[in-house]
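I opened this notebook to follow one structure from a single pair of residues outwards, writing down each thing as I looked it up.

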Amino acid sequence: MSKTIEEYSLADLMKKIEETLNGNSGPIEGFQATYQFDITGDDGGTYQLQFKDGKSAVKEGSETPADCTLIMSLKSFHQFMLGKLNGTMAFMTGKLKIKGDMGKALKIESILRQYNVKDSL
């Protein structure tokens, strides 16, 4: 029996995102960016999602300067990954804070939607 997205720890979910993205490099071919996810709350943490040369890598912490930082709760992150929380609406309602390149913030939602990460859980 598979777990629901809410049952994944942040670390496991980030690992799953990396595996899913690297399973098909098409949508990220030629795209280069570093995203930082600052997930708040008791089960939160900081992870970076780096795109380079058609590959993605997830790293815990903030060792590399990020092009865009997304700050949200773990609950909001789960909803975002499920496609139940639109990034623009989350930003407008204060559930998502963004630092850095706003264009790249919009791009990450588009990329994650193409991969439909929730279906690979």
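I began with one pair of residues, and I found that T40 stands opposite S73, which belongs to strand β4. I keep in mind throughout that this is a predicted model.

Next I looked up the strands around that pair. Strand β1, residues 33–40, and strand β4, residues 68–73, run parallel to each other and are joined by six bridges. I then asked in what order the strands of the sheet are arranged. The sheet is open and is formed by five strands in the order β3-β2-β1-β4-β5, with mixed pairing. At its edges I noted β3 (55–60) and β5 (97–100), each of which pairs on one side only. When direction is ignored, neighbouring strands of this sheet are turned against each other by 20 degrees on average.

I moved on to helix α2, residues 74–82, which lies across β1 and β4 and runs at about 110 degrees to β4. I wanted to know how many of the residues of α2 are buried. Seven of its nine residues are, so I wrote the helix down as mostly covered. The buried ones are L74, S76, F77, H78, F80, M81 and L82. I also looked up what covers them, and the list includes α1, β1, β4, α3 (87–92) and α4. After α2 comes G83, whose phi is positive, near 85 degrees.

One residue of this helix, H78, made me stop and ask why it is listed as buried. Its relative accessible area is 5%, and H78 counts as buried because the cut-off is under 20%. Leaving aside neighbours within four places in sequence, I found H78 in contact with I5, E6, Y8 and L13.

My last search was for the largest nonpolar core, which has 34 residues, and in which I17, Y35, F37, L49, F51 and F77 touch the most other members. At least two residues of this core come from each of α1 (10–22), β1, β2 (45–52), β4, α2 and α4 (102–115). As background I noted that nonpolar side chains tend to be buried together in soluble globular proteins. I picked F51 for a fuller list of contacts, and, not counting residues up to four places away in sequence, F51 touches L21, I28, F31, Q32, A33, Y35, S56, I108 and I111.

How values were computed: Residues are numbered from 1 along each chain as its sequence is written. This is a predicted model: local features need pLDDT of at least 70, side-chain atom pairs count only at pLDDT 80 or more; totals for chains, interfaces and linings use all residues. Side-chain values use heavy atoms; hydrogens and water are left out. Two strands pair if DSSP finds at least two bridges between them. Helices (H or I, at least four residues) and strands (E, at least two) are DSSP runs, numbered from the N terminus. Axes are lines fitted to C-alpha atoms, for helices over the stretch in contact, and angles run from 0 to 180 degrees between N-to-C directions. Contact means heavy atoms within 4.5 Å. Buried means under 20% relative accessible area, exposed over 50%, partly exposed in between (1.4 Å probe, protein chains only). A nonpolar core is a set of buried Ala, Val, Leu, Ile, Met, Phe, Trp, Tyr and Cys residues joined through side-chain atoms within 4.5 Å.
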